[in-house]
Amino acid sequence: MDGYPAIEEHGLIGDLQTAALVSDDGTVDWFCAPRFDSPSIFGALLDRRKGGHFRFAPDGVDYVSKQLYLPGTPILITRFLSRDGVGELIDFMPVTGEQATDRHRLIRIIRVVRGAMRFRFDCRPRFNYGRDPYELEVHPHGDVFRSGALTLSLTPFENKDDLIDRSRIRRDEAGVRATYLLREGDVGGVVLETACPHPPRAIDLAEVNELHDRTGEFWRRWLAHSSYRGRWREMVERSAITLKLMTYAPTGALVAAPTAGLPEQVGGTRNWDYRYTWIRDASFSVHALLRLGFGEEARRYLEWLDDRIRDAHDGGMPLQIMYRVDGSPDLPEELLGHLEGYRSSAPVRVGNGAADQLQLDIYGEALNSLHFADRNGLFVPHEGWRNTARLMDWLCEHWDQPEDGIWETRSGRRDFTYGRLMSWVALDRAIRLAGSRGRPADIDHWTRARDAIYDQIMSRGFHRERGAFVQHYDTDILDASLLAMPSVGFVSPADPMWRSTLRAMDDTLVSDSLVYRYDPAASPDGLPGAEGTFSMCTFWYVQALAASGRLDEAQLTLEKMFTYSSHLGLYSEEIAPTGEQVGNFPQAFSHLSLISTAVNLDQHLDAPR
């Protein structure tokens with residue numbers, strides 16, 4: 001633990017209610033329980049001294065490590081290779097199911113496949129982001145860390161060879177440490193369990209192997225429903241598994257990322273908490289999941305979305321841009337001043353103050369997902385349509401006002417072009433849904449508002465001197481969110497106004513195929529520092545190139561983008577100028593857009609030229 005591992009040097013494991021990050025040196029340095037948005041138990045990713053960790057690694061030997069996933073699963077294998085032996089650490093979390101629970105298991109299996117190797121484990125939980133003390137209880141078959149709000153049980157496997165020398169287990173105020181000496185064929189390990197209602201009990205290897213096999217079978221059965229057979233199957237399927245891992249099974253809500261506080265610029269202040277469900281991100285998931293054949297996941301999210309639309313109507317409020325995974329709206333932002341932050345990137349924030357922002361684009365993403373789902377056999381129920389229609393009535397009266405925008409800037413509200421664009425999408429899709437299904441609606445009112453938005457964007461959102469659609473009406477700054485204009489049907493990719501916009505983006509926002517979302521130096525966003533290229537925007541750029549007939553460039557850009565993925569095929573939010581990944585990790589936006597882009601580009605490449 002001398003330093004922080006790179007953000008991309010982690011694998012993600014999870015049980016569909018929470019998740020953990022495991023570095024390639026065998027350290028669990030991020031784990032929250034009982035939910036994604038709960039306080040951390042292991043948080044060394046945000047403070048290597050105070051955050052807590054659980055490391056399992058060779059002891060007293062030089063080694064190199066490699067990571068891979070068991071094919072078709074999120075079961076993570078970390079391999080340690082030394083001159084005298086090769087060991088493997090297998091990490092996974094058995095799936096918990098759709099009933100919310102405080103009980104979660106993280107299983108760590110260690111084995112030697114060649115030679116001999118001594119391993120050390122070092123378990124140092126730090127409850128509630130390192131703020132809550134705990135008591136350590138010693139039991140015959142394991143130990144229990146007990147804080148005021150949660151317990152964590154640590155239970156070594158029972159093994160006839162007594163691989164753990166219990167006399168060498170060390171316990172103190174820091175945690176529990178022990179060593180293993182394993183020879184070829186030896187297998188040991190531990191089970192971590194939160195909120196276990198009974199003391200640690202004997203757990204034998206046969207039980208662990210059964211849990212491993214059942215977990216692998218669950219994921220392979222789930223992945224078998226994928227209909228994708230295109231050129232980039234490995235990347236697409238890994239992205240699908242990653243999105244599933246970030247889905248809270250009891251409600252079907254998708255978190256934007258399982259982490260908080262990871263910086264968009266190392267050493268900077270743009271350190272946000274993404275462990276919540278954005279209307280925008282989750283609506284994009286409907287397109288990605290349905291394109292792969294995962295209708296059940298799309299249906300569950302749409303039910304969650306329908307509940308949020310109903311809550312907004314009942315409360316006489318617009319939709320909030322994000323919610324907790326259970327649908328609750330309160331996300332107060334808090335600074336954790338006792339944590340130094342990843343590589344001294346402070347402040348560390350939990351909660352998200354942007355939740356109360358007005359972002360008009362979310363209505364377009366929501367209605368676009370409802371329309372796409374309807375075309376794929378997932379119909380809006382009667383009450384859901386009534387609430388949606390009322391929401392469109394609200395939008396007709398409120399679309400023409402300044403707002404905070406898709407990028408959650410904190411510099412004041414503007415007439416953002418993307419917000420207007422997606423308001424147009426919302427009304428256009430609502431009109432189509434009403435017409436195709438004979439649903440009651442004030443279509444004349446919606447149509448007038450939709451057409452007014454179109455006229456306003458064309459007259460005020462296009463900067464004549466710049467020859468491009470711009471970020472907002474009072475600037476000539478470009479914004480990569482407008483790469484979506486052709487894909488949502490607002491402009492033809494052959495329209496001269498769009499072609500000149502794309503050329504302007506080529507010159508201004510694109511750096512060796514990677515795409516910045518905007519230039520904060522030219523368009524201040526109320527925050528200090530800079531940022532990297534935005535991975536979702538790079539994938540959107542590929543789609544825009546393909547739609548404009550630049551297929552060779554599109555394919556090369558996508559292939560280049562794959563070289564920036566982690567060794568496990570994972571993406572954070574952004575890519576720094578050095579090529580390292582920055583921001584919360586892994587990021588749903590990135591993987592959603594990867595899937596949609598791969599499917600879209602396959603279709604273009606397969607069509608007759």
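In strand β5 (residues 53-58), F54 is the bridge partner of V28, and that contact is a good place to start a tour of this predicted model. Residues are numbered from 1 along each chain as its sequence is written, and side-chain values use heavy atoms, with hydrogens and water left out. Because this is a prediction, local features need pLDDT of at least 70 and side-chain atom pairs count only at pLDDT 80 or more, while totals for chains, interfaces and linings use all residues. Helices (H or I, at least four residues) and strands (E, at least two) are DSSP runs, numbered from the N terminus.

**Strand β3 and its partners**

- Strands of a sheet pair through backbone hydrogen bonds, either parallel or antiparallel.
- Two strands count as paired if DSSP finds at least two bridges between them.
- Strand β3 (residues 27-32) and β5 run antiparallel, joined by two bridges.
- Strand β2 (residues 19-23) is also antiparallel to β3, with three bridges between them, and here V22 stands opposite V28.
- The hairpin of β2 and β3 has three residues between the strands, and G26 in the turn has a positive phi of about 85°.
- Strand β4 (residues 40-42) pairs with β3 in the antiparallel sense over two bridges, with S40 in β4 as the bridge partner of C32.
- Is β3 mostly covered or mostly uncovered? Six of its six residues are buried, so to speak of it as mostly covered is fair under the rule that buried means under 20% relative accessible area, exposed over 50% and partly exposed in between (1.4 Å probe, protein chains only).

**A small sheet later in the chain**

- Three strands form an open sheet in the order β28-β29-β30, with antiparallel pairing.
- Its edge strands, β28 (533-534) and β30 (581-582), each pair on one side only.
- Two bridges join β28 to β29 (residues 574-575), and T533 stands opposite I575 in β29.

**Helix α6**

- Helix α6 (residues 361-375) has 14 of its 15 residues buried, so it is largely enclosed by the rest of the structure.
- The end C-alpha atoms of α6 are 21 Å apart, which agrees with the 21 Å its 15 residues should span at 1.5 Å a residue; the expected span is 1.5 Å times one less than the number of residues.
- Just after α6, G377 takes a positive phi of about 90°.

**Pocket and cavities**

- On a 1 Å grid over the protein atoms alone, a cavity is a set of points where a 1.4 Å probe fits but cannot get out, and a pocket is an open set with protein on both sides within 12 Å along at least five of seven lines; lining residues have an atom within 4 Å of a point.
- Grid points are joined across faces, edges and corners, and a volume is the space filled by probe spheres set on the points.
- The largest pocket holds about 670 Å³ of space, and of its 30 lining residues, R291, N368, S487, V488 and Q543 are the closest to its centre.
- Helix α13 (588-606) gives the largest share of that lining, six residues.
- The structure holds three cavities of 30 Å³ or more, and the largest has about 260 Å³ of space.
- Among the 23 residues lining the largest cavity, Y274, W407, E408, R517 and E573 lie nearest its centre.
- The lining of the largest cavity divides into 11 nonpolar, three polar and nine charged residues; Ala, Val, Leu, Ile, Met, Phe, Trp, Tyr, Cys and Pro count as nonpolar, Asp, Glu, Lys and Arg as charged, and the others, Gly among them, as polar.

**Salt bridges**

- A salt bridge is a side-chain nitrogen of Lys or Arg within 4 Å of a carboxyl oxygen of Asp or Glu, and by this rule the count comes to 47.
- D143 and R171 meet in one of them (2.5 Å, N to O), linking strands β11 (residues 142-147) and β13 (residues 170-172), with the two residues 28 apart in the chain.
- D143 is buried at 3% relative accessible area, whereas R171 is partly exposed at 35%.
- D415 and R420 form another, with the closest N and O atoms 2.7 Å apart; D415 is buried at 16% and R420 is buried at 0%.
- D428, R429, R432, R450 and D451 are linked in a network of salt bridges.
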